[in-house]
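Hi,

Here is the structure I promised to pass on to you. Have a look at it first, and then read on for what turned up.

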Amino acid sequence: MVDPKICPFCKKENGCEADIPNNNCWCNHIKVPLELRELIPLKLKMKACICRNCVILFKKDKELFLKKYSKLT
């Protein structure tokens with residue numbers, strides 16, 4: 001079973017509140033690169049949000065992110 005509140009990469013809580021009406025979730029205020037979204041494992045696509053820390057790490061150091069999480073994709 002997929003937990004939509006768990007990041008598909010680091011497996012920590014993603015803190016997403018997009019499912020709450022009129023939310024002010026952090027994910028509404030940060031651009032998540034398409035390239036990062038494409039790395040989400042197929043079984044989790046459109047089912048679990050990436051956490052802020054993973055988005056920031058990917059933007060800051062894509063190579064480190066890929067090294068750390070490439071085994072998941």
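A word on one term before the findings: a nonpolar core here is a set of buried Ala, Val, Leu, Ile, Met, Phe, Trp, Tyr and Cys residues joined through side-chain atoms within 4.5 Å. Please also keep in mind that this is a predicted model.

With that term in hand, the core is a good place to begin. The largest nonpolar core has 18 residues, and those that touch the most other members are C7, F9, L36, I50, C54, F65 and Y69. Two elements, α2 and α3 (62-69), each give two or more residues to this core. Its largest share comes from α2, with four residues.

Now for the chain as a whole. Its secondary structure amounts to three helices and zero strands, so from the N terminus the order reads α-α-α. The radius of gyration is 12 Å, close to the 11 Å that the globule rule gives for 73 residues, so the chain is as compact as a globular protein of that length. Along the principal axes, the C-alpha atoms fill a box of roughly 35 × 30 × 20 Å. Of the 73 residues, 32% are buried. Looking at contacts between residues at least 6 apart in sequence, 58% join residues at least 24 apart.

Next, the pocket, which may be of interest to you. The largest one holds about 460 Å³ of space. It is lined by 16 residues, and the closest to its centre are C16, C27, A48, C49 and I50. What classes of residue make up the lining? There are 11 nonpolar and five charged residues, and no polar ones. I50 turns up twice, as one of the residues closest to the pocket centre and as one of those that touch the most other members of the core.

Two residues have backbone angles to check. Most residues other than glycine have a negative phi. K11, however, has a positive phi near 70 degrees. K11 sits in the segment before α1 (34-37) and counts as partly exposed, because its relative accessibility is 46%. M46 also has a positive phi, near 65 degrees. M46 lies in the loop between α1 and α2 (52-60), and its relative accessibility of 85% means that it counts as exposed.

Finally, here are two residues from the segment before α1, C25 and E13. Is C25 buried or exposed? C25 counts as buried, because its relative accessibility is 2%, under the 20% cut-off. Setting aside residues up to four places away in sequence, C25 touches G15, C16, E17 and A18. C25 and G15 are 10 residues apart in sequence, and their C-alpha atoms are 8.0 Å apart in space. One of the residues that C25 touches, C16, is also among those closest to the pocket centre.

E13, by contrast, is exposed, with a relative accessible area of 67%, which is over the 50% cut-off. Leaving out neighbours within four places in sequence, E13 is in contact with K5, I6 and C51. Between E13 and D3, 10 residues apart along the chain, the C-alpha separation is 9.5 Å.

That is the tour. Do write back with any questions.

Best wishes

Terms used. Residues numbered from 1 in each chain as written. Predicted model: local features only at pLDDT ≥ 70, side-chain atom pairs only at ≥ 80, totals over all residues. Heavy atoms only, no water. Buried < 20%, exposed > 50% of the residue type's maximum accessible area, 1.4 Å probe, protein only. 1 Å grid on protein atoms, 1.4 Å probe; cavity = no way out; pocket = protein on both sides within 12 Å on 5 of 7 lines; lining within 4 Å. Points joined across faces, edges and corners; volume = space filled by probe spheres on them. Nonpolar A, V, L, I, M, F, W, Y, C, P; charged D, E, K, R; others polar. Contact = heavy atoms within 4.5 Å. Rg over C-alpha atoms; globule rule 2.2 N^0.38 Å.
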